[in-house]
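Hi,

Here is the structure I promised to pass on to you. Have a look at it first, and then read on for my notes.

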Amino acid sequence: MKLFDVYPVNNIVIDKAKGSYVWDDKGEQYLDLYGGHAVISIGHTHPHYVERLTNQLNKVGFYSNSVKMPLQEELAEKLGKLSGKPDYQLFLISSGAEANENALKLASFHNGRKKIIAFKKAFHGRTSLAVATTDNPSIVAPVNQTSNVIFLPFNDVAALEACFAEQGNEISSVIIEGIQGVGGINVASESFLQAIRRLCDQYGAVYIADSVQCGYGRSGKFFSHDWAGVNADIYTMAKGMGNGFPVAGIIIAPHLQPKHGMLGTTFGGNHLACAAALAVVETIEKENLIQNAAEIGEYLMTELKKIPQLQNVRGRGLMIGFDVPEQFKDLRKNLLWKHKIFTGEAKPNVIRLLPSLALRKKDADQLLEAIKEEIQVGAESMAK
Ligand SMILES: Cc1ncc(COP(=O)(O)O)c(C=O)c1O
């Protein structure tokens, strides 16, 4: 049997990983500033994570949500404290798309409405409603097309107000990434998030904060929406939540009431998933990783801004993007193949940095040196 060929892959086999580093099957070391797409939060193979998962696997790996799950309650308790939302309710699933799918559905159950506001360049996943709210027609199958989703320009308060004024009583929810990831690291302005909160309150719509990529401490606060001083009604989380174990969750404000059978999943919140998520929460807290993300992110961003050839350096914490001018278009490729540094990208010419929240200053310096060298080489070859 062949693999279904949907991914353009780099010809690298990763065989070993530790902290912010990975090694290929030939023993070559790479600095990982991509984290397998913002997934590695506490660092690869963190000892506490390995120990908690190993111990759990030796006891019980899986049982479904038909029995009591003290591990889920322990996770809800610790996550409530770490996120600063102790009064919210936790529902566990296994992927980011599933988190958004459930959040959008729950909002519609809650207010009985059908319309959703999403934004230009948004990415919310590939399942039916999640992809319908994603601004990329090439990944929306005909069966997922719907007239229930309204796309508005990002960070445009006037457009949002106009849309609510016209059809506010039909809007079920507004879904927004606090920092757009796939869309190229676009930070939602504080005034925009505050306007979403105000209009959702005024019209009875549900504010859904897609925190799958920008959440879990990556922005230097637990949720990037915290920068605006607002509370969303539902936060969706995945990626960093399990440091690689497929675990995702939504946390739900107290006024949204559950009903038996309303939502459900076979795998969500199983014993191993909870052990992984608990190890992550405990490590973020013990090692002060949110503060580290804020400090190292600030350092990296300040230093990147000093390199004049990089344009529009932006982001928050350890979610950083910058535009690479055409003359240095091979920068990302050269960082990988010459300097052994993994970074992320966004089309057409954005480099995205999504490293572990435990990134050290010396790792940041390694990237900065490599970029400066590449720019120097590029400038010299142009001068010839
Ligand atoms: C903001 C955002 N939401 C949702 C998703 C979908 O998550 P998953 O791939 O786990 O379904 C992603 C994935 O990149 C994402 O970046």
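Let me start with the ligand, in what is a predicted model. The shell of residues around the ligand is made up of five nonpolar, seven polar and two charged ones. Of the 14 residues there, Gly96, Ala97, Gly125, Val212 and Gln213 come nearest. If you want one element to look at, take helix H4 (residues 96–111), which gives the most to this shell, with three residues.

Next, the sheets. One of them is open and has seven strands, in the order E4-E12-E11-E10-E7-E5-E6, with mixed pairing. Its edges are strand E4 (89–93) and strand E6 (149–152), each of which pairs on one side only. On average, neighbouring strands of this sheet are turned by 20° against each other, direction ignored. Within it, strand E7 (residues 171–177) and strand E10 (residues 206–210) run parallel and are joined by five bridges. If you want a spot to check there, Ile176 stands opposite Ala209 in E10.

Another open sheet has four strands in the order E13-E14-E17-E16, and here the pairing is antiparallel. E13 and strand E16 (344–346) are the edge strands, each pairing on one side only. From one strand to the next, the twist averages 25°. Helix H9 (residues 289–305) packs on this sheet and touches E13 and E14; the direction of H9 makes about 175° with that of E13.

Strand E14 (residues 319–323) deserves a closer look. Is it enclosed or open to the outside? Four of its five residues are buried, so E14 is largely enclosed by the rest of the structure. For this, a residue counts as buried if 20 or more other C-beta atoms lie within 10 Å of its own. Strand E13 (residues 311–316) pairs with E14 in the antiparallel sense, over four bridges; Arg316 has Met319 in E14 as its bridge partner. The hairpin of E13 and E14 has two residues between the strands, and Gly317 takes a positive phi near 55° in it. E14 is also joined by four bridges to strand E17 (residues 350–353), again running antiparallel. There, Ile320 has Leu353 in E17 as its bridge partner.

Now to helix H11 (residues 361–383). How does its length compare with what its residue count would suggest? At 1.5 Å a residue, its 23 residues should span 33 Å, and the end C-alpha atoms are 33 Å apart, which agrees. The buried residues of H11 are Asp363, Ala364, Leu367, Ile371 and Glu374. They pack against strand E3 (29–32), H9, helix H10 (331–337) and strand E15 (341–342). H9 therefore turns up twice in these notes: it packs on the four-stranded sheet, and it is among the partners of the buried residues of H11.

One last residue to click on is Gly61, in the loop between helix H2 (47–59) and helix H3 (70–83). With 13 other C-beta atoms within 10 Å, Gly61 is partly exposed. Which residues does Gly61 touch, leaving aside those up to four places away in sequence? They are His271 and Leu272. Gly61 and His271 are 210 residues apart in sequence, but 5.5 Å apart in space, C-alpha to C-alpha.

Happy browsing, and best wishes!

Notes
Residues are numbered from 1 along each chain as its sequence is written. This is a predicted model: local features need pLDDT of at least 70, side-chain atom pairs count only at pLDDT 80 or more; totals for chains, interfaces and linings use all residues. A residue is near a molecule or strand if its C-beta atom, placed from the backbone, lies within 6 Å of it. Ala, Val, Leu, Ile, Met, Phe, Trp, Tyr, Cys and Pro count as nonpolar, Asp, Glu, Lys and Arg as charged, and the others, Gly among them, as polar. A residue is buried if 20 or more other C-beta atoms lie within 10 Å of its own, exposed if 12 or fewer, and partly exposed in between; C-beta atoms are placed from the backbone. Two strands pair if DSSP finds at least two bridges between them. Axes are lines fitted to C-alpha atoms, for helices over the stretch in contact, and angles run from 0 to 180 degrees between N-to-C directions. Two residues are in contact if their C-beta atoms, placed from the backbone, lie within 7 Å. The expected span of a helix is 1.5 Å times one less than its number of residues.
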